[in-house]
Every structure is written in structure tokens, then in C-alpha cells.
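Visitor: Please take a close look at one part of the structure shown here, namely its interior. I should like a connected account that also places that part within the whole.

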Amino acid sequence: MQIKVVRGVLARKSPTEATASGAGFTPLVAGTYEVGSEIHSRLEVLREGKPTVYLPLEKLAEYEASGEIVVLR
């Protein structure tokens with residue numbers, strides 16, 4: 001499965017990070033990404049040549065509803 005980020009969004013740096021500070025986030029720029037497995041209700045987003053980031057499933061649903069992300073199945 002892949003996701004297409006239409007407009008940049010924020011993703012988590014860790015699958016288990018619970019902090020609300022901005023230090024735990026990284027930008028996910030527009031583009032198409034492979035996705036891995038679900039870990040702790042977060043979807044792995046695989047970025048070629050960069051560290052993996054994680055999208056909470058509830059945020060993924062919000063981004064999909066708003067058109068910021070398209071899930072390519």
C-alpha cells in the first residue's frame with residue numbers, strides 16, 4: 001500500500017512517542033510513500049534514504065478526509 005501526500009503534513013518520529021512537544025514531529029512533504037506495518041496505532045511511512053516516520057491512524061483518517069493525503073490501495 002502507498003500514500004500520496006498532497007500537501008505537507010506532520011508525522012511522528014517514533015511509533016511510541018507520547019510527548020506533545022514539537023520535538024517529536026517531522027515534516028512529511030508532498031509525494032508518494034510506501035507504507036509498512038501498523039505499530040501502536042501508528043502507520044509506518046517509509047521514506048527512501050531517510051528515517052521511517054509514523055502517522056497516527058486517527059490523524060491519517062483526518063488527513064484523508066480533508067484531502068491532504070490519498071491512500072493508494
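Guide: The account below begins with the overall fold, turns to the core, and ends at the surface.

The model is predicted, so local features require a pLDDT of at least 70 and side-chain atom pairs a pLDDT of 80 or more, whereas totals for chains, interfaces and linings use all residues. Numbering starts from 1 along each chain as its sequence is written, and side-chain values rest on heavy atoms, without hydrogens or water.

One helix and seven strands make up the secondary structure; both are DSSP runs numbered from the N terminus, helices being H or I of at least four residues and strands E of at least two. Their order along the sequence is β-β-β-β-β-β-α-β. The C-alpha trace spans about 30 × 25 × 20 Å along its principal axes. The radius of gyration is 11 Å, in agreement with the value near 11 Å for a compact globule of 73 residues; this radius is taken over C-alpha atoms, and the globule rule is 2.2 Å times the number of residues to the power 0.38.

Of the 73 residues, 33% are buried, that is, under 20% relative accessible area, with exposed meaning over 50% and partly exposed lying in between (1.4 Å probe, protein chains only). The largest nonpolar core holds 15 residues. Such a core is a set of buried Ala, Val, Leu, Ile, Met, Phe, Trp, Tyr and Cys residues joined through side-chain atoms within 4.5 Å. Ile3, Val5, Leu28, Val45, Leu55 and Ile69 have the most contacts inside this core. At least two core residues come from each of β1 (2-5), β2 (9-12), β4 (31-39), β5 (42-46), β6 (53-56), α1 (57-66) and β7. In soluble globular proteins, nonpolar side chains tend to be buried together.

Beyond four places in sequence, Ile3 touches residues including Leu28, Val45, Leu55 and Ile69, a contact being heavy atoms within 4.5 Å. Among its other partners are Gly31, Thr32, Tyr33 and Leu72. Across the protein, residues 24 or more positions apart account for 51% of the contacts with a separation of 6 or more.

Threonine 26 lies in strand β3 (residues 25-28) and counts as buried because its relative accessibility is 14%. Leaving aside neighbours within four places, its contacts are Val9, Leu10, Ala11, Lys13, Arg47 and Val53.

Leu72, in strand β7 (residues 69-72), is partly exposed, with a relative accessible area of 32%.
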